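Here are some short exercises to try with the model open beside you. Have a go at each task before reading the solution that follows.

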Amino acid sequence: MILVTGGAGFIGANFVLDWLAQSDEPVLNLDKLTYAGNLENLASLQGDARHVFVHGDIGDAAMVAQLLAQHQPRAVLNFAAESHVDRSIHGPEDFIQTNVVGTMRLLQSARAYWQGLDEARRAEFRFLHVSTDEVYGSLEPTEAAFTETHKLEPNSPYSASKAASDHLVRAWHHTYGLPVLTTNCSNNYGPFHFPEKLIPLIIVNALAGKPLPVYGDGLQVRDWLYVKDHCSAIRRVLEAGRVGEIYNVGGWNEKPNIEIVHTVCALLDELRPKSDGSRYQTQITYVQDRPGHDRRYAIDASKIERELGWKPAETFESGIRKTVQWYLANPDWVAHVQSGAYREWVQTQYSGNETP
Ligand code: NAD
Ligand code: DAU
């Protein structure tokens, strides 16, 4: 069995679904169900004994110790985090609690468990930490993409908390020998993406006839990767990554935000044309910039390609089309997120420590 933390969130849920689509190895899914945790993402696993859901906090050391002892996972994959930059600007506290203190406690729990394993299982055990390209800071337009040795220069409370967690993971390997792996991935997009983030927000607002908010001049650059490609990279790193190493994950897909917004609008014009014949791009509205907004991220993914033979399966064109189609095909998921009903759904379906 593997222990996945944050498996009810965007990437974690995609990871759990993809894992169980390809393997019968069970997943123990520990998630605090913050506003970003949505068990509706995992509704297709209801009744599937390979998925064991536990409602809890990675920072609850006693509970995590008990879970590890009971389920004896061969790996811990840490997706759990506060993940939204804008929220970190308004309220950094939760980011420090989960991303820094929570990660430290999870490392401690994993270390105690790992030290108690027999030699063969100790050699097999892995702690895989899911991190972000934002820890490297911002690039100038002509600078080379981030490699794994790029200096960590985080600029937002979110990225600073993730950089701190990356340092902790490194230190637990260096000091205690915990067999860790770290992935630093670029911007993901795809199904189950919470509509506070750019791409799902644009889709959802466009369909609702609302303004499409573009921060500043819209020329900030992000490097986009379809979420299922991130999941396949994590599986590959878990399988074959060298202990103690960092692997950057990205799809060589740098695009300015305004181009992303135009692409989404054009797909919606094609797939769900407006009844009045107008184009979705007329809803674009430039708004005040994010404070401290990083100008450009770009991932150099040569190492994972060279060492582990990983490559993304989707191009941006194929991935963004699938994403828009997914949102059009799942209006109930969007409606439940917007109304908050997904939280009620969770409460009526599950209570306490649950196994859907
Ligand atoms: P998300 O916000 O959608 O999901 C986070 C999940 O973690 C939620 O289910 C939430 O309930 C859970 N969680 C939060 N605090 C917790 C705690 N203390 N204990 C247990 N569970 C907790 O985030 P995401 O976009 O799926 O990102 C997952 C991970 O990947 C994060 O570590 C993030 O930093 C990293 N990452 C994200 C991206 C991206 O583009 N979204 C890119 C690279 C890396
Ligand atoms: O790079 C990886 C990171 O990508 C992850 O570590 C984070 O968890 C994830 O949230 C994401 O961070 P970003 O800040 O890049 O994502 P977001 O979707 O919030 O914004 C993408 C870009 O779009 C960014 O330049 C800000 C801009 N933006 C965002 C929103 C929400 C807008 O112009 N308008 C908006 O309304």
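**Exercise 1. Find which oxygen-bearing partners ligand 1 meets through serine 83, aspartate 31 and valine 130, and give the distances.**

Step 1. Start at serine 83: an N or O atom of the serine 83 side chain is 2.7 Å from an oxygen atom of ligand 1. That is a polar contact, meaning a pair of N or O atoms within 3.5 Å; within protein, one must be able to donate a hydrogen and the other to accept it, and residues adjacent in sequence count only if both atoms are side-chain atoms.

Step 2. Move to aspartate 31, where a side-chain N or O atom sits 2.5 Å from an oxygen atom of ligand 1.

Step 3. Finish with valine 130, which uses a polar backbone atom, 3.4 Å from an oxygen atom of ligand 1. On its own, ligand 1 has 830 Å² of accessible area, and the protein covers 97% of this (Shrake-Rupley method, 1.4 Å probe; for residues, only the protein chains shown count as cover).

A word on the ground rules: this is a predicted model, in which local features need pLDDT of at least 70 and side-chain atom pairs count only at pLDDT 80 or more, while totals for chains, interfaces and linings use all residues. Residues are numbered from 1 along each chain as its sequence is written, chains are lettered from A and ligands numbered from 1 in the order in which they are written, and side-chain values use heavy atoms, with hydrogens and water left out.

**Exercise 2. Describe the shell around ligand 1 by class and by element.**

Step 1. Sort by class: 12 nonpolar, 12 polar and 4 charged residues (nonpolar: Ala, Val, Leu, Ile, Met, Phe, Trp, Tyr, Cys and Pro; charged: Asp, Glu, Lys and Arg; polar: the others, Gly among them).

Step 2. Look for elements giving at least two residues each: these are α1 (10-22), β5 (126-132), α6 (157-176) and β7 (187-189). Helices (H or I, at least four residues) and strands (E, at least two) are DSSP runs, numbered from the N terminus.

Step 3. Pick the largest share: β5, with 3 residues.

**Exercise 3. Now work out the polar contacts and cover of ligand 2.**

Step 1. Threonine 132 places a polar side-chain atom 2.7 Å from an oxygen atom of ligand 2.

Step 2. Glutamate 134 has a side-chain N or O atom 2.7 Å from an oxygen atom of ligand 2.

Step 3. Proline 213 brings a backbone N or O atom to 2.9 Å from a nitrogen atom of ligand 2. Taken alone, ligand 2 exposes 690 Å², of which the protein buries 94%.
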